[in-house]
Structure formats: structure tokens, C-alpha cells
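The exercises below concern helix packing and nonpolar cores in a predicted model. Work through each task with the structure open before reading its solution.

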Amino acid sequence: MDAAGGEQLSLAAVRDALVRLEDSVVFALIERARHPRNAAAYAPGGGGAGGRSLVEFFAGHYQNPEDVPFFPQDLPSPLFPTKSSPKVLHPSASLVTVNDAIWKMYFDELLPLFTVDGDDGSYAETVVLDFACLQVLSRRIHIGKYVAEVKFKDAPQDYSPLIQAKQFSDGSAHIQGRQREGQEESRETFGQNVTLEDNASNEQGTAGDSECKVDPTVLSKLYDQWVMPLTKDVEVEYLLRRLD
Ligand SMILES: C=C(O[C@@H]1C=C(C(=O)O)C=C[C@H]1O)C(=O)O
């Protein structure tokens, strides 16, 4: 797995991957925030056949274990020969996905917090940008599988009895992260650069220059309320299947 250091899986490599993806999440959100909400892109039927919305048509296809499809039933065959990833995760890792929760969180909670009300008509562009946000969030959150694998490998004697007894929960000490240095600092740094002074839309309902950024309090909320808890859910789900 490239994102977490190939076969040399280590906590340091996994932490690097988490931090790198947090930066990518911020950039993806900033790009999406350049457009207003564009609610029509999410209306059922807007995407043609099957009564789907436009955004639901953007199902990418995935080759790495940390890339989890949002619509697994719709995956096209790969167009290019792809390099197979080193098998560092337990085979049941592919069954662990919280994409439904990410999808719901993104559209119901997050999107209204970092986009302005309005409609600029550029729906296709908007949903491509939404999908970029969703994919990077999903990738970041599913790195939890690697976090869990590292923890398990470091202390199988501690984890195995807990797995057998199904005793994990998000709040258990085995799942709580050791504070990752630099995390708060990087959010603050982004905060300085991306402070959103005025969230009001302009006359055309398009986002102007001063509105192209993402409020740092939204980023804190995103991580504290959604990304970290979902990463922990992934860890728990993965560990519960680790001995299957
Ligand atoms: C990766 C670590 O912790 C993990 C990091 C998380 C996160 O950043 O979302 C979530 C759960 C923790 O288990 C660590 O402690 O180094």
C-alpha cells in the first residue's frame, strides 16, 4: 500500500499517510467551496437512467485496499493494467466500509457548512469536486484499517482475546489514538490561510474570491465529529474480523 508505506507497515508510515490525506481533504474542500451549493446536482433523476442524481453517477473504480467504492455494484472493469498492492491487510479488510456514513455526513452535514447558498449552473463540475472530496475523505478514514493492522501486529497477544470476546468499542483504550503531533498545528496553519470572513453569496450566487476558503472551525468539526470517529469505527470493524 503506497499511502501507508508499502509492505514495511509501521505506525510512523500510517501517521504520515493520515497527515498527508488531511492536507488533501482541505484542498479538495477549498476547490469545492469555489462553487455554491448547487442543490440541483443532488436532485433524484438529474443523472438520467434509474432516477439517480447526477452525483450518484460518479462512481470511480478502485484498486487499492484503502480506496473503497461508494457503489460497488456499479464498478466498471479497470481500463488499465494495475499493479497489485502488497497484501498487508487481512483479506476481510475489503468487507469493511463506512462509505454510506461518509456519503450521508458529506451531503447532509458538511456541504452546507462550507458552501454558500446559490446556484451557478455548473453541476457536472460541482459533482466532480464533490466526488474528489468524498474520495479523499474515504481514503483518509479507511486508513483506519492500516492503523488497526499495525496495532494488532504490535501486540497480538493483547488484541486477540479482545477480538474473540468482541470487546472493542470506539472509546476503548486500544482504539483511542495516541495524540498525533502536529495535527492541531496543521489545522491552525490552514486556518490562518483559509479563514472565511464573509460567508454571504454575491449577486449571482457564485462564490467570489473571498469565499473560496474553508472556515477552520468547520475543519475542526469535520475531524473531531466525523473523520476521527469514523476512522475509529473502521478500526473496530477491521479488528473484529482480524481473526476470521
Ligand atoms: C494513528 C493513531 O491513532 C488513530 C488515529 C485516528 C485518526 O487520526 O483519525 C483515529 C484513531 C486512532 O486510533 C496514532 O495514535 O498514531
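**Exercise 1.** Determine which residues form the contact between helix 2 and helix 7, and state how the two helices are oriented.

Solution.
- Step 1. On helix 2, the contact residues are Ala101, Ile102, Met105, Leu110, Leu113 and Phe114; on helix 7, they are Val218, Leu222, Trp226 and Leu230.
- Step 2. Sorted by class, this contact has ten nonpolar residues, no polar and no charged ones.
- Step 3. The angle between helix 2 and helix 7 (residues 216–241) is about 170 degrees, and their axes are 11 Å apart.
- Step 4. Angles over 145 degrees count as roughly antiparallel, so helix 2 is roughly antiparallel to helix 7.

**Exercise 2.** Carry out the analysis for helix 2 and helix 3: give the angle, the orientation class, the handedness and the residues in contact.

Solution.
- Step 1. Helix 2 (residues 99–114) packs on helix 3 (residues 123–142) at about 135 degrees, with the axes 10 Å apart.
- Step 2. An angle of about 135 degrees is not over the 145 needed for roughly antiparallel and lies outside 65 to 115; the pair is therefore oblique.
- Step 3. The crossing of helix 2 with helix 3 is right-handed.
- Step 4. Helix 2 contributes Asn99, Ile102, Trp103 and Tyr106, while helix 3 contributes Cys133, Leu134, Leu137, Ser138 and Ile141.
- Step 5. In this contact of helix 2 with helix 3, seven residues are nonpolar, two are polar and none is charged.

**Exercise 3.** Which residues does Ile102 touch, leaving out those up to four places away in sequence? Place Ile102 within the largest nonpolar core.

Solution.
- Step 1. With those sequence neighbours excluded, Ile102 touches Leu134, Leu137, Ser138, Ile141 and Leu230.
- Step 2. The largest nonpolar core has 38 residues, and Ile102 is among those that touch the most other members, together with Leu29, Tyr106, Cys133, Leu137 and Ile143.
- Step 3. Two or more residues of this core come from each of helix 1 (11–32), helix 2, helix 3, helix 4 (144–154) and helix 7.
- Step 4. Another core, of five residues, lies apart from it and includes Ala41, Leu54, Tyr123 and Val127.

**Exercise 4.** Describe the protein chain as a whole: how many helices and strands are there, and what percentage of residues is buried?

Solution.
- Step 1. The chain has seven helices and zero strands, in the order α-α-α-α-α-α-α from the N terminus.
- Step 2. Of its 244 residues, 32% are buried.
- Step 3. Taking contacts between residues at least 6 apart in sequence, 79% link residues at least 24 apart.

Notes:
Residues numbered from 1 in each chain as written. Predicted model: local features only at pLDDT ≥ 70, side-chain atom pairs only at ≥ 80, totals over all residues. Axes fitted to C-alpha atoms, helices over the stretch in contact; angles between N-to-C directions. Helix = DSSP H or I, 4+ residues; strand = E, 2+ residues; numbered from the N terminus. Parallel < 35°, antiparallel > 145°, perpendicular 65-115°, else oblique. Left-handed = near helix turned anticlockwise from the far one by under 90°. Contact = placed C-beta atoms within 7 Å. Nonpolar A, V, L, I, M, F, W, Y, C, P; charged D, E, K, R; others polar. Core = buried A, V, L, I, M, F, W, Y, C linked by C-beta atoms within 7 Å. Buried ≥ 20, exposed ≤ 12 C-beta atoms within 10 Å, placed from the backbone.
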